[in-house]
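Grab a pencil and work through a few short exercises on charged side chains and backbone turns. Try each task before you read its solution.

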Amino acid sequence: MTPAELTVAAQQGDAEAFAALMEMHQNRLYRIAYAYLHNESDALEAIQESTYRAFRKLKKLKEPSYFGTWFIRILLNYCADERKRKSRFSQITDIQESSSWDQPEDPDLAAAVSSLDRDCKQIIILSYFEGFSLTEVAEILEIPTGTVKSRLHRALGQLRDQLGTKGDT
């Protein structure tokens, strides 16, 4: 079955179809959650909670072919909420672990991406580290493509500035 057919079946109550959809997307979802939360258990919890929320709201999804982007949006919202919640209760925010984009060979890049504001960081992770096109990023984030392009330009400029000054010293 195609992803759209699985989504329709899941919307009609087929739990196995929903499980198949989750299996299709599990690796990408984990990489995205881990890139935001920098912790394996938090990433797994984010996926679990997002899966629950998606399952509860699945019937409200109007276009079955957009299941993947719709689910990623749910995950991103949860990750953002979780980071806000953790920052309220913890002053230790500099602890980092490696992920798909946080490679030990380039800690400067990882630190530079981590220091970007939320909007820019989302676009960098989704477009460069997860391979989404700018149009797909716009759909996931529910913003115009032009906004994605301008934020990407701003983020790349900030990364150049951060990495350029560190390399010059």
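What follows is a set of exercises on this predicted model, each with a worked solution.

**Exercise 1.** Work out how many salt bridges the structure holds, and find which residue pairs with Glu130.

*Solution.* Start with the count: there are five salt bridges in the structure. Now go to Glu130, whose partner is Arg28, with 3.8 Å between the closest N and O atoms. That fits the cut-off, which asks for a nitrogen within 4 Å of a carboxyl oxygen. Next, place the two residues. Glu130 sits in the loop between α6 (118-129) and α7 (134-141), while Arg28 belongs to helix α2 (residues 15-37), so the pair ties together parts that are 102 residues apart in sequence. Then check how covered they are: Glu130 is buried at 6% relative accessibility, and Arg28 is partly exposed at 29%.

**Exercise 2.** Take the salt bridge between Glu82 and Arg85, and say where its two residues sit and how covered each of them is.

*Solution.* The N to O distance here is 2.6 Å. Both Glu82 and Arg85 are in helix α4, three residues apart, or about one helical turn. Why does that spacing suit a pair? An α-helix has 3.6 residues a turn, so residues three or four places apart point the same way. As for cover, Glu82 is buried, with a relative accessible area of 8%, whereas Arg85 comes out as partly exposed at 38%. Salt bridges can also share partners, and in this model that joins Arg28, Arg31 and Glu130 into one network.

**Exercise 3.** Do the same for the salt bridge between Arg53 and Glu49.

*Solution.* First the distance: 3.0 Å from N to O. Then the location: Arg53 and Glu49 are both in helix α3 (residues 40-57), four residues apart, which is about one turn of the helix. Last, the cover: Arg53 is partly exposed at 29%, and Glu49 is partly exposed as well, at 27% relative accessibility.

**Exercise 4.** Look at Arg73 in helix α4 (residues 67-89) and decide what the nearest side chain of opposite charge is.

*Solution.* Arg73 is buried, yet it has no salt bridge. The nearest side chain of opposite charge is Glu142, 4.6 Å away. The cut-off for a salt bridge is a nitrogen within 4 Å of a carboxyl oxygen, so this pair doesn't make the list. Still, Arg73 does touch Glu142, along with Arg118, Ile140 and Leu141, leaving out residues up to four places away in sequence.

**Exercise 5.** Find where His38 and Glu142 sit, and say whether each one is buried or exposed.

*Solution.* Begin with the backbone. His38 has a phi near 55°, a positive value in a residue other than glycine, and Glu142 likewise has a positive phi near 55°. Now for their places: His38 is in the loop between α2 and α3, and Glu142 is in the loop between α7 and α8 (145-168). Finally, the cover: His38 is buried, with a relative accessible area of 11%, but Glu142 is exposed at 63%.

**Exercise 6.** List the buried residues of helix α1 (residues 3-11), then find what phi Gly13 takes just after it.

*Solution.* The buried residues of α1 are Leu6, Thr7, Ala9, Ala10 and Gln11. Move on just past α1 and you reach Gly13, which takes a positive phi of about 105°.

Definitions and conventions
Residues are numbered from 1 along each chain as its sequence is written. This is a predicted model: local features need pLDDT of at least 70, side-chain atom pairs count only at pLDDT 80 or more; totals for chains, interfaces and linings use all residues. Side-chain values use heavy atoms; hydrogens and water are left out. Buried means under 20% relative accessible area, exposed over 50%, partly exposed in between (1.4 Å probe, protein chains only). Lys and Arg count as positive and Asp and Glu as negative; His and the chain ends are not counted. Contact means heavy atoms within 4.5 Å.
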